[in-house]
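Here are a few exercises to work through with the coordinates open in your viewer. Try each task before you read its solution.

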Amino acid sequence: MTVDDPLNLVLALATASTIKYIGASLCRLKKLATYEFVGKVTALDLYPVKSCGAISLQSANCTRGGLKHSGVTDRHWMVVRDGGVKVNIQQEPKMTLITPSIHGNKLCFDAPGMPTLKVEKNPKEDPSLYVDCKPKVKAMTAMNCGKEASEWISKYLGIKGAYIVVSTENMAKRDVSELVPRPWLNVPETTDKVTFSEVSMCNIAFENSLKDLNSRLANPVSMGNFRPNIIINGSLAFDEIYGPFWLLWSLRDTEWISFLCFIDRCKGNFNVKYRLQDLSVSPAYT
């Protein structure tokens, strides 16, 4: 057979495609055969605004953009100051007292001594409100939530000129492959995009990891210090770091999540309950 014959060329390509498909199917079946039960999801927390409070959920959609509920996606809002520089929990611990909630088409924020702030959860894109901001290293374009939101957050935090930005569904996101240059267990795909999260679209932690950590600390910390989206019970402590199943895992045998990298979370000596840092405890211990 020669590739000069068009029919033979088509047959050769079809055969190669079939072999490739069969090979991929066998690999998937092999992966499924090696899966084992690693734990039960015990809590789901959605953080609409980076470094602010969470909305506890009974159910949510795990999307490529992050945990999503009622049209609101995790960490798609962020507080910034002049120049588009992010304001986070380490700089302003009282940000954790900002409590979000969803009411109809509004995303609402409550904080001590402040009236309720209401913003559109799915605002119309307005290029005149576009601003450049820096969630961490790589800059991106977001949209200013307006004067009322700016005045509210500036007054609460005592930061002149602070404002809230949002990345709407159709706005460009950051490419994860550019944020994770090191060769982790799974190489990010070109479709892996992130908004205001550090790196990953969904953060996961195990209850037994927290129990093990608190057994070593004089002053226990809460899961809120690490701000995960999905909390799991049933696995060994720190299996989210060392467990081999993080190469690839499934939910209900149909949804697949791949591991990208380990993420440094809030300082270990940060008291989420009282919004203070315990300077007598070194962050290195956590």
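**Exercise 1.** In this predicted model, find how strand S12 (residues 140–144) pairs with S13, and by how many bridges.

*Solution.* Step one: S12 and S13 run antiparallel and are joined by two bridges. Step two: look for a facing residue, and you will see Met 143 opposite Val 166 of S13. Step three: turn to another partner of S13, strand S6 (residues 77–81), which pairs with S13 in the antiparallel sense over four bridges. Here Val 80 stands opposite Tyr 163 of S13.

**Exercise 2.** Work out which way the side chains of strand S13 (residues 163–166) point, and whether they are buried or exposed.

*Solution.* Start with the general rule: in a regular strand, side chains alternate between the two faces of the sheet. Now apply it: Tyr 163 and Val 165 point one way, while Ile 164 and Val 166 point the other way. Finally, check accessibility: all four named residues are buried.

**Exercise 3.** Describe the sheet that contains S8, S9 and S10, and place helix H2 against it.

*Solution.* First, the order is S8-S9-S10, an open sheet of three strands with antiparallel pairing. Its edge strands are S8 (99–103) and S10 (117–120), each of which pairs on one side only. Neighbouring strands are turned by 25 degrees against each other on average, direction ignored. Next, four bridges join S9 (residues 106–110) to S10, and one pair of bridge partners is Lys 106 and Glu 120. Last, helix H2 (residues 147–157) lies across S9 and S10, running at about 140 degrees to S10.

**Exercise 4.** Classify the aromatic pair formed by Trp 152 and Tyr 156.

*Solution.* Begin with the geometry: the centres are 6.1 Å apart, with 25 degrees between the planes. Planes under 30 degrees apart count as stacked, so this pair is stacked. Then ask how the two residues are placed in sequence: they are four residues apart in helix H2, and so about one helical turn separates Trp 152 from Tyr 156. Both Trp 152 and Tyr 156 are buried. To finish, look at the Tyr 156 ring once more: the charged end of Lys 94 sits over it, 4.5 Å from its centre.

**Exercise 5.** Find out where the buried residues Ser 209, Leu 210, Leu 213 and Asn 214 lie around helix H4 (residues 207–214).

*Solution.* These four residues of H4 are buried. They lie on the same side of H4, because they cover an arc of only 130 degrees around its axis.

How values were computed: Residues numbered from 1 in each chain as written. Predicted model: local features only at pLDDT ≥ 70, side-chain atom pairs only at ≥ 80, totals over all residues. Heavy atoms only, no water. Pairing = 2+ DSSP bridges. Axes fitted to C-alpha atoms, helices over the stretch in contact; angles between N-to-C directions. Contact = heavy atoms within 4.5 Å. Phe/Tyr/Trp six-rings, centres within 6.5 Å; stacked < 30°, edge-to-face > 60°. Buried < 20%, exposed > 50% of the residue type's maximum accessible area, 1.4 Å probe, protein only. Lys NZ or Arg CZ within 6 Å of the ring centre and 35° of its normal. Arc of directions from axis to C-beta.
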